[in-house]
Amino acid sequence: MNSDVVLLLGRKDEPTDAVEEYCEYLSEALGKRSVKSEIARVAWNERGWTDAVEELRRAAVNWRGRWVFLQYTALAWSERGFPRRVLRVLRALSEAGGRVGVVFHDVEPFAGTRAVDVLRRQVQLRVIRRMLRSAELAVFTVSLDVISWIQSPLTATFIPVGANVSETSNHVEETRDSDLNRIAVYGITGGTAGSEECLEIARALRFATEQGAKLELHAFGRGAAERETELREHLKDVPVALRFDGVLPAERVASALRGADATLFVRGPISTRRGSAIAGIACGKPVIAYRGRETAAPITEAGVVLIERENPRELGEALLRVAIDRGFREDLSARSVRAQELFFSWRAIADRYIEAMGLKS
């Protein structure tokens with residue numbers, strides 16, 4: 001079997017581009033299934049829309065009959081989240097004879113109550129509905145059952161994201177105090193949301209240590225180093241060891257997660273599109289996370305302790321149990337290993353793409 005696939009990106013995110021990393025891992029996994037792929041980018045923010053689309057048209061001449069999967073997030077195709085011009089990209093791909101697919105990494109329009117938020121949400125809804133109608137195949141990273149705006153058209157399919165970490169274990173166990181349970185936090189949001197996350201993390205650690213848990217916190221990834229002072233202040237009178245790192249390469253992310261006893265995910269509810277949460281599953285660890293609208297299978301098959309955000313005490317209680325109950329922790333780890341193999345490995349994801357594209361029976 002031999003086919004060609006193009007994975008098409010918009011504006012590059014900084015300091016890390018999770019969607020670009022998604023494409024790199026997917027491309028590698030497809031290659032292992034004898035499906036050749038390439039990654040391209042519409043650099044509209046650097047070249048301007050007119051030149052960028054014209055450059056795309058020239059490239060797309062060579063994509064006739066090939067699958068081209070546009071990677072959609074609102075901010076990849078608009079600085080302020082009004083992505084109307086992405087429709088020009090789809091039109092150019094169709095006119096060039098490509099088999100157009102869209103991967104919806106943003107599956108819902110942005111929230112907010114200001115007038116500009118309402119307008120932005122209306123624009124995004126119009127755009128994503130038109131994209132869905134235009135695409136030969138639409139890939140959603142959450143179950144179609146939990147998306148508010150679609151009626152599960154035949155062109156739509158659900159494929160969860162994988163973790164942007166190495167799936168090959170080269171982990172060398174670090175020297176550590178065996179009496180401490182290491183809790184990993186991979187990434188903290190910016191702005192006021194991140195401040196709330198810091199409070200939630202500190203509150204949970206405080207509760208667990210007051211009940212006798214001996215803990216070490218390792219926070220790393222996007223936003224973690226910037227929040228070090230804030231978290232240290234919240235935890236200055238809590239007997240917990242602290243370690244902070246910034247953005248790490250994929251191998252070190254995997255090593256950090258495999259070196260932890262559990263991961264704590266408070267960046268909103270967990271779902272099959274939250275790669276930083278799935279990273280804990282990929283490394284065979286328990287994940288403590290909030291339940292939300294998008295929390296559905298197969299994320300619920302993994303070793304995830306689901307709690308309600310409206311009850312702050314639950315986070316600390318879950319952290320305490322995971323820390324002190326070794327049998328519970330090992331059972332959760334085994335569930336994460338199974339879920340990774342069946343649903344979240346890049347091999348499984350590539351197989352789902354190949355099936356959706358009709359490249360195998």
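Angles between helix axes under 35 degrees count as roughly parallel, over 145 as roughly antiparallel, 65 to 115 as roughly perpendicular, and the rest as oblique. This report applies that scheme to one helix pair in a predicted model, and then turns to the internal cavities.

**Helix packing**

Helix α9, residues 275–282, packs against helix α11, residues 326–344, at an angle of about 120°. The axes of α9 and α11 lie 8 Å apart. The two helices are therefore oblique to each other. On the α9 side, the contact is made by Ile278, Ile281 and Ala282; α11 contributes Ser336, Ala339, Gln340 and Phe344. By class, the residues of this contact comprise 5 nonpolar, 2 polar and no charged.

**Cavities**

The model has 2 cavities of 30 Å³ or more. Their volumes and the classes of their lining residues are as follows.

| Cavity | Volume | Lining residues by class |
|---|---|---|
| Largest | about 50 Å³ | 8 nonpolar, 2 polar, no charged |
| Second largest | about 30 Å³ | 5 nonpolar, 1 polar, 2 charged |

The lining of the largest cavity consists of Ala184, Val185, Tyr186, Leu257, Thr263, Leu264, Phe265, Ser276, Ala277 and Val287. Strand β7 (181–186), strand β10 (262–265) and helix α9 each supply at least two residues of this lining.

The second largest cavity is lined by Val185, Tyr186, Gly187, Glu197, Leu264, Phe265, Val266 and Arg267. To this lining, β7 and β10 each supply at least two residues. Val185, Tyr186, Leu264 and Phe265 are among the residues that line both the largest and the second largest cavity.

Definitions and conventions. Residues numbered from 1 in each chain as written. Predicted model: local features only at pLDDT ≥ 70, side-chain atom pairs only at ≥ 80, totals over all residues. Heavy atoms only, no water. Axes fitted to C-alpha atoms, helices over the stretch in contact; angles between N-to-C directions. Helix = DSSP H or I, 4+ residues; strand = E, 2+ residues; numbered from the N terminus. Contact = heavy atoms within 4.5 Å. Nonpolar A, V, L, I, M, F, W, Y, C, P; charged D, E, K, R; others polar. 1 Å grid on protein atoms, 1.4 Å probe; cavity = no way out; pocket = protein on both sides within 12 Å on 5 of 7 lines; lining within 4 Å. Points joined across faces, edges and corners; volume = space filled by probe spheres on them.
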